[in-house]
Amino acid sequence: MLATKIRTAFASRSLGAWPTPLEPLPPLARALGLEALWLKREDLAGGNKVRGLEFLLANVAPPAVFMTVGGNGSSHCLATARCARAEGHRTAIALFTQPTTEATRAVGLGIMAEADVVMRASSIATLPWAVLRAWLAARRIGKGTVHWIPGGGADPRAVLGHFLAALELSAQIETPPDAIVVPLGTGGTAAGIALGVAALGWPTRVIAARVAPWIAANRWRTLRLARQAAALLQRSGLAEVPRSAIRVQVVNALGPGYGYPTPEGERARMTAAAHGLRLDPTYGAKAFTVVLERQTYKLRRVVFWNTFAWP
């Protein structure tokens with residue numbers, strides 16, 4: 001089985017409960033005028049970032065120190081701190097400020113409880129100073145060795161975890177959906193899904209709703225991550241996916257800035273909540289606006305990638 005071969009070749013850790021459920025939502029689908037709507041429950045395994053961390057924490061013996069960066073409500077930073085601690089490692093995290101919501105408050109408290117070092121920037125302009133201070137503190141507790149994880153876990157190795165999620169989806173659904181809708185932050189999750197869809201030969205569109213600034217969340221960066229992950233698979237002799245087959249459609253759902261709720265996102269969040277689906281305002285709600293615009297995007301049978309795990 002390809003998934004087993006990939007895990008063996010890259011010595012991935014076991015951090016999540018897989019497969020995550022694929023949950024059909026018939027009442028919500030009818031309310032939105034869709035033929036079918038499914039929810040990929042990444043939230044039930046600690047959020048989407050766990051899949052990438054299984055590869056990013058591989059081949060490092062404990063105790064080690066990992067460092068990363070993100071917003072003070074970053075699900076990536078929380079997942080990194082939790083997963084590293086579970087593996088016997090420590091973490092140093094540099095945080096920038098984002099708007100306060102119920103979700104960011106809960107995540108921020110989780111980060112403070114799980115991380116060993118937290119350095120806060122008062123603004124984006126002072127973030128480099130916070131990163132430097134966190135790095136120096138990490139070197140002290142790590143005796144000079146620090147393992148860097150890019151913001152959001154945007155690394156080709158992490159993309160392999162989301163590639164496995166797409167393969168997992170293929171065993172859960174009889175017919176490929178018309179579209180998979182996913183939030184687009186730093187791009188790793190969308191890249192892995194796009195790579196998986198290409199490997200499966202599906203006609204499915206991967207629609208990535210941009211919820212972060214363009215410099216981090218864009219089509220070029222997402223495709224680059226997917227192609228780098230494809231190169232890892234090819235070099236390992238595990239799979240060969242044509243670059244031309246990897247496609248992703250990026251749409252803008254950012255609004256005034258990262259973490260700022262939008263009127264469209266709040267409408268999507270309330271619509272989902274009326275049918276028992278809880279979405280966070282930074283990622284899930286903004287991405288779900290795409291599902292509400294079914295006519296604009298010509299949607300019929302949709303898988304929505306629910307990435308955010310409430311602490």
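Strand β4 (residues 90-96) runs parallel to β5, and the two pair over four bridges; strands count as paired if DSSP finds at least two bridges between them. Strand β4 also pairs with β3 in the parallel sense, this time over seven bridges. This is a predicted model, in which local features need pLDDT of at least 70, side-chain atom pairs count only at pLDDT 80 or more, and totals for chains, interfaces and linings use all residues. Residues are numbered from 1 along each chain as its sequence is written, and side-chain values use heavy atoms, with hydrogens and water left out. Helices (H or I, at least four residues) and strands (E, at least two) are DSSP runs, numbered from the N terminus.

**Strands β3, β4 and β5**

- Two bridges place β4 against β5: Ala 92 stands opposite Val 117, and Leu 95 has Arg 120 as its bridge partner.
- On the β3 side, Val 69 has Ala 94 of β4 as its bridge partner.
- Two right-handed β-α-β units can be traced here: β3, α4 and β4 make one, and β4, helix α5 (residues 102-114) and β5 make another.
- Right-handed means that, with the strands pointing away from the viewer, the path from the first strand over the helix to the second runs clockwise.
- How many residues of β4 are buried? Six of its seven are, so β4 is largely enclosed by the rest of the structure.
- Buried stands for under 20% relative accessible area, exposed for over 50%, and partly exposed for what lies in between (1.4 Å probe, protein chains only).
- Side chains alternate along β5 (residues 117-120): Val 117 and Met 119 point to one face and are buried, whereas Val 118 and Arg 120 point to the other and are not.

**Helices α3 and α4**

- Helix α3 is mostly covered, with eight of its eight residues buried.
- Charged names appear in that buried set too, for it includes Lys 49, Arg 51 and Glu 54 alongside Val 50, Gly 52, Leu 53, Phe 55 and Leu 56.
- The cover over the buried residues of α3 includes α1, β2 (36-41), β3, α4 and α7 (156-170).
- Look next at Thr 80, which is found in helix α4.
- Thr 80 is buried, with a relative accessible area of 0%.
- Not counting residues up to four places away in sequence, Thr 80 touches Leu 53, Thr 68, Thr 91 and Ile 149; contact here means heavy atoms within 4.5 Å.

**Nonpolar cores**

- Which members of the largest nonpolar core touch the most other members? Among its 73 residues, these are Leu 195 and Ile 246.
- A nonpolar core is a set of buried Ala, Val, Leu, Ile, Met, Phe, Trp, Tyr and Cys residues joined through side-chain atoms within 4.5 Å.
- Apart from neighbours within four places in sequence, the contacts of Ile 246 are Ala 194, Leu 195, Ala 198, Leu 223, Ala 226, Arg 227, Ala 230 and Val 241.
- A second, separate core has 27 residues, including Ala 209, Ala 268, Leu 277 and Ala 285.

**The largest pocket**

- The largest pocket holds about 670 Å³ of space.
- Of the 35 residues lining the largest pocket, Phe 96, Thr 186, Ala 212, Tyr 258 and Tyr 283 are the closest to its centre.
- Elements that each supply at least two residues of this lining include β3 (65-71), α4 (75-86), β7 (179-184) and α8 (188-200).
- A pocket is found on a 1 Å grid over the protein atoms alone, as an open set of points where a 1.4 Å probe fits, with protein on both sides within 12 Å along at least five of seven lines; lining residues have an atom within 4 Å of a point.
- Grid points are joined across faces, edges and corners, and the volume is the space filled by probe spheres set on the points.

**Backbone details in the loops**

- The peptide bond from Trp 18 to Pro 19 is cis, with omega near -5°, and Pro 19 lies in the loop between α1 (2-10) and β1 (22-24).
- Pro 62 and Pro 63 are also joined by a cis peptide bond, with omega about -5°; Pro 63 lies in the loop between α3 (49-56) and β3.
- Ala 11 is not a glycine, yet has a positive phi of about 50°.
- Ala 11 sits in the loop between α1 and β1 and is partly exposed at 29% relative accessibility.
- Lys 298 has a positive phi as well, near 55°.
- The loop between α12 (294-297) and β10 (301-306) holds Lys 298, which counts as exposed at 67% relative accessibility.
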